[in-house]
Every structure is written in C-alpha cells, then in structure tokens.
Amino acid sequence: MTVVAEPSKKTVCWSCGSENDAATQFCANCGKLQPYTPADYFAFFGLPRRFQLDATALEKQFYRLSRKFHPDLYARASGEEQRWSLEKSSVLNDAWRTLRDPLSRTEYLLDLAGIRLEEQSRDASDRAAESGTAKQQVVPPDLLEEVFELN
C-alpha cells in the first residue's frame, strides 16, 4: 500500500531563517537541529508510506539518526536544542520499534488510514449483531493485495 504524501509543508529554521520542509530534521542551510514537527513514522525516517520496506536501509537510517540526535551531542547546546534532541530520540525509538516489525508496521499503516484492528475482531461482530448495526469492514484493498503478494 503506497499512500500519496501530502504537499510538503515548509518551516523556517530557528537559527538562520532558511526555509525547509517541515519533515526535515536538520536545516539544509546551516545544519542545525530543527524543532520536532509531528509526522508519521515513515516521514520521520524519510520513507514512503507502504508495507514493504528495505529492512537494511531502515536499520542504517535508524543508526544514522540515532547518532545525530544523541543527547550527548547537545550537552552544551541551548535548552531548546537539548529538548528537541530528546524528543526526536524518543520518537525515533518508537518509530524504529513500530516499523521494523511487519505486524506492528501493518497495524500502524491501518491506524494511519483510520482503521482499528479491534473493529475487525469477533467482538466487533458480536457488538454489531447485538446493536443491529453493520460491522465496519474497512481494510484497504491495496494493502490486502500487497500483503497477499508478499505471502
């Protein structure tokens, strides 16, 4: 499942005033760490939103970003930069744990699409039957197709 990204939003570097993409971790002009901007885990890693990922590339990017965000590098930086480093390190670890595992990655992709797995469960079927409502079947066909192809 490949999801088309939203048009790139822009931010201004706090240090030099250059315009950067909002998902940029470091200013393209001066190289300074930028404030954390909420983004999905794929965007945080600079990856397309899809199920199939290159595990080796993901791991390399994780270690590269880990070294660049490490709080020890910002020990003499401003309090804001130290906080941004900690925030980004925390998000990086959460994103890594989610994207490296195919099951977690699938759940995350479904969550990004607004689909909760519990909506597909037996309990959800029972609740729908009791209330007389239709059970929501909302797994995107292109995601199912990609998973079936991989299997």
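**Notebook: Arg105 and its surroundings**

I started from Arg105 and found its place in helix α4, which spans residues 102–112. The model is a predicted one, and I read every entry below with that in mind.

**Entry 1, Arg105.** I checked whether a partner of opposite charge sits beside this side chain. Arg105 is buried but has no salt bridge. The nearest side chain of opposite charge belongs to Asp101, at 7.5 Å. A salt bridge needs a side-chain nitrogen of Lys or Arg within 4 Å of a carboxyl oxygen of Asp or Glu, so Asp101 does not qualify. I then listed what Arg105 touches, leaving out residues up to four places away in sequence: Phe42, Arg50, Phe51, Leu53, Thr98, Leu99 and Arg100.

**Entry 2, the fold.** I counted 6 helices and 2 strands in the protein. Along the sequence they run β-β-α-α-α-α-α-α. Of the 151 residues, 30% are buried. I also looked at contacts between residues at least 6 apart in sequence, and 47% of these join residues at least 24 apart. The accessible surface comes to about 9500 Å², with 51% of it belonging to carbon and sulfur atoms.

**Entry 3, salt bridges.** How many salt bridges does the structure hold? I found 4, and I noted three pairs from among them, as follows.

- Asp21 pairs with Lys10, with the closest N and O atoms 2.7 Å apart. This pair links distant parts of the chain, since Asp21 lies in strand β2 (residues 19–21) and Lys10 in strand β1 (residues 10–12), 11 residues apart. Asp21 is partly exposed at 32% relative accessible area, and Lys10 is partly exposed at 48%.
- Asp40 meets Arg49 in a salt bridge, 2.7 Å from N to O. Is Asp40 buried or exposed? Asp40 counts as buried, at 15% relative accessibility. Arg49 is partly exposed, at 24%.
- Glu87 forms a salt bridge with Arg83, the closest N and O atoms being 3.5 Å apart. Both lie in helix α3 (residues 79–100), and being 4 residues apart they are separated by about one helical turn. Glu87 counts as partly exposed at 29% relative accessibility, as does Arg83 at 41%.

**Entry 4, cavities.** I searched for enclosed space and the count came to 1 cavity of 30 Å³ or more. About 50 Å³ of space lies in the largest cavity. I wrote down its lining: Ala22, Ala23, Thr24, Gln25, Pro35, Tyr36, Thr37, Ala39, Phe44 and Lys88.

Notes: Residues are numbered from 1 along each chain as its sequence is written. This is a predicted model: local features need pLDDT of at least 70, side-chain atom pairs count only at pLDDT 80 or more; totals for chains, interfaces and linings use all residues. Side-chain values use heavy atoms; hydrogens and water are left out. Buried means under 20% relative accessible area, exposed over 50%, partly exposed in between (1.4 Å probe, protein chains only). Lys and Arg count as positive and Asp and Glu as negative; His and the chain ends are not counted. Contact means heavy atoms within 4.5 Å. Accessible areas come from the Shrake-Rupley method with a 1.4 Å probe; for residues, only the protein chains shown count as cover. On a 1 Å grid over the protein atoms alone, a cavity is a set of points where a 1.4 Å probe fits but cannot get out, and a pocket is an open set with protein on both sides within 12 Å along at least five of seven lines; lining residues have an atom within 4 Å of a point. Grid points are joined across faces, edges and corners, and a volume is the space filled by probe spheres set on the points.
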